[in-house]
Amino acid sequence: MTFNTAESVTLKIWDRTSLHETLDSAVSDLSARHNTTTCRIAVTCSGPNTFTLSVRGNEPALAL
């Protein structure tokens, strides 16, 4: 795990069986650290087995 900035983290996940659980946990942790909802966390596949999670900016809110 690499913290690129205060608003993002990069994960290298080798175990495909735990991919969803690992990403869900990382999204929850990052959203809790920034006191925001998990909807504001963007997950990007940034390479083979590599995912970058970041807090999205002030985009317009989605219609509920």
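Start by selecting Thr50. At 14% relative accessibility, Thr50 counts as buried, because the cut-off for buried is under 20%. Keep in mind as you click around that this is a predicted model. Thr50 lies in strand β4, which covers residues 50-55. Show its surroundings and, leaving out residues up to four places away in sequence, you'll find Thr50 touching Thr10, Leu11, Lys12, Thr44 and Cys45.

**One step back: Asn49**

Now click on Asn49, in the loop between β3 and β4. Its phi is near 60°, a positive value in a residue other than glycine. Is Asn49 buried or exposed? Neither label fits: Asn49 is partly exposed, with a relative accessible area of 21%.

**Zoom out**

Switch to a cartoon view of the whole chain. You should be able to pick out one helix and four strands. Trace the elements from the N terminus on and the order reads β-β-α-β-β. The chain has 64 residues, and buried ones make up 27% of them. If you turn on the surface, its accessible area comes to about 4600 Å², with 57% of that belonging to carbon and sulfur atoms. As for contacts between residues at least 6 apart in sequence, 42% join residues at least 24 apart.

**The core**

Next, select Val9, Leu11, Ile13, Leu23, Ala26, Val27, Leu30, Ile41, Phe51, Leu53 and Val55, and show their side chains. These 11 residues form the largest nonpolar core. Color them by element of structure: β2 (8-12), α1 and β4 each supply at least two of the core residues. Which element gives the most to this core? That's α1, with four residues. As a rule, in soluble globular proteins, nonpolar side chains tend to be buried together.

Stay in the core and center on Phe51. Setting aside neighbours within four places in sequence, Phe51 is in contact with Val9, Thr10, Leu11, Ile13, Leu19, Leu23, Val43, Thr44, Cys45 and Ser46. Several names here will look familiar: Val9, Leu11, Ile13 and Leu23 are among the members of that core, and Thr10, Leu11, Thr44 and Cys45 are among the residues that Thr50 touches.

**Helix α1**

Now select residues 19-33, which is helix α1. If you like a quick check with the distance tool, try its end C-alpha atoms: they are 21 Å apart, which agrees with the 21 Å that 15 residues should span at 1.5 Å a residue.

Color Leu23, Ala26, Val27, Leu30 and Ser31, the buried residues of α1. Then turn the view to look down the helix axis. The buried residues fall within an arc of 125°, so they line one face of the helix. What covers them? β2, β3 and β4 are included in that cover. Flip to the face turned away from the buried side, and you'll meet the exposed residues Glu21, Asp24, Asp29 and Ala32.

Two more stops on this helix. Pick Ser31: at 5% relative accessibility, Ser31 counts as buried. Leaving aside its neighbours within four places in sequence, Ser31 is in contact with Thr36, Thr37, Thr38 and Ile41. Of these, Ile41 belongs to the core you colored earlier.

Then pick Thr22, also in α1. Thr22 is partly exposed, with a relative accessible area of 30%. Draw a C-alpha to C-alpha line from Thr22 to Leu11: the two are 11 residues apart in sequence and 9.2 Å apart in space.

**Just past the helix: Asn35**

Move along to Asn35, in the loop between α1 and β3 (41-47). Just after α1, this residue takes a positive phi of about 50°, although Asn35 is not a glycine. How about accessibility: is Asn35 buried or exposed? At 73% relative accessibility, Asn35 counts as exposed.

**Last stop: the cysteines**

Finally, select Cys39 and Cys45. Cys39 counts as exposed, at 55% relative accessibility. Cys45 is exposed too, with a relative accessible area of 55%. How many disulfides does a search of the whole structure find? Zero. While you have Cys45 selected, bring Phe51 and Thr50 back into view: Cys45 is among the contacts of Phe51, and Thr50 touches Cys45 as well. That brings you back to where the tour began.

Conventions
Residues are numbered from 1 along each chain as its sequence is written. This is a predicted model: local features need pLDDT of at least 70, side-chain atom pairs count only at pLDDT 80 or more; totals for chains, interfaces and linings use all residues. Side-chain values use heavy atoms; hydrogens and water are left out. Buried means under 20% relative accessible area, exposed over 50%, partly exposed in between (1.4 Å probe, protein chains only). Contact means heavy atoms within 4.5 Å. A nonpolar core is a set of buried Ala, Val, Leu, Ile, Met, Phe, Trp, Tyr and Cys residues joined through side-chain atoms within 4.5 Å. Accessible areas come from the Shrake-Rupley method with a 1.4 Å probe; for residues, only the protein chains shown count as cover. A disulfide is a pair of cysteine sulfur atoms within 2.5 Å. The expected span of a helix is 1.5 Å times one less than its number of residues. The arc is that of the directions from the helix axis to the C-beta atoms.
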